[in-house]
Amino acid sequence: MNPARRLAPRNLCRLALAALLLAGGAQAQQAAPTTYNDVQQLLKAGKADQALQQVDKRLADSGRDPQLRFLRAVALTELGRQDEAIAALVDLTETYPELPEPYNNLAVLYAARNELAKARDALEMAVRARPDYAVAHENLGDIYVRLAARAYQRAGELAPGVAPSAAPKLTALRQVLTTPAER
């Protein structure tokens, strides 16, 4: 598993952000091209509060722009305001269900809360929206592994007789879930 693509909010939000900005968002109202770049640079520099201010100012003029709304959710995530970021991403997925990146980022936030079923559902929507979205496929695989580990562990708890057959599977899954540095 590539650590840069693990279900870590900062890395995946940036990956999805780059994909969304490269995709262009045909429905977007035209914002000044430098606005996206400026906000992205602020986020990279760890200045999420300034990025959020810039996005909010721009959204006052063009509130429907999906790229700006996505950047707002990323800034909220970077600021640790996960509830607001989730609300922003849910709203974005409802308005623009054809965009896979908001679903991916939503899944990252749900996974961080250990809400794996919600994360799985969001990632399945991402790959439905764009079947060739490799990051979402990888993240979906990670969620399936975590769900499988949870199921094997629960099976062993519920029926001690199942524990001997579940234990090697659980051990293998735990190895998949940890990075080499964590081993």
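**Helix H9, the nonpolar core and Thr35**

On one side of helix H9, Pro164 and Pro168 are exposed. This is a predicted model, and within it H9 runs over residues 163-177, its 15 residues reaching 20 Å from the first C-alpha to the last, close to the 21 Å expected at 1.5 Å a residue. On the other side from these prolines, the helix has Ala166, Leu170 and Leu173, which are buried. These three cover an arc of only 65° around the axis, and therefore they lie on the same side of H9. The general background is that an α-helix has 3.6 residues a turn, so residues three or four places apart point the same way. Among what covers the buried residues of H9 is helix H8.

From there the reader can turn to the interior of the model. The largest nonpolar core has 41 residues, and those with the most contacts inside it are Leu43, Leu71 and Ile143. At least two residues of this core come from each of H2 (33-44), H3 (48-61), H4 (66-78), H5 (82-95), H6 (100-112), H7 (116-129) and H8 (134-158). Of these helices, H4 gives the most, with seven residues.

A last stop is Thr35, whose place is in helix H2. Is this residue buried or exposed? Thr35 has a relative accessibility of 10%, and because buried means under 20%, Thr35 counts as buried. When residues up to four places away in sequence are not counted, Thr35 touches Gln54, Arg58 and Leu68.

Key: Residues numbered from 1 in each chain as written. Predicted model: local features only at pLDDT ≥ 70, side-chain atom pairs only at ≥ 80, totals over all residues. Heavy atoms only, no water. Core = buried A, V, L, I, M, F, W, Y, C linked by side-chain atoms within 4.5 Å. Buried < 20%, exposed > 50% of the residue type's maximum accessible area, 1.4 Å probe, protein only. Helix = DSSP H or I, 4+ residues; strand = E, 2+ residues; numbered from the N terminus. Expected span 1.5 Å × (residues − 1). Arc of directions from axis to C-beta. Contact = heavy atoms within 4.5 Å.
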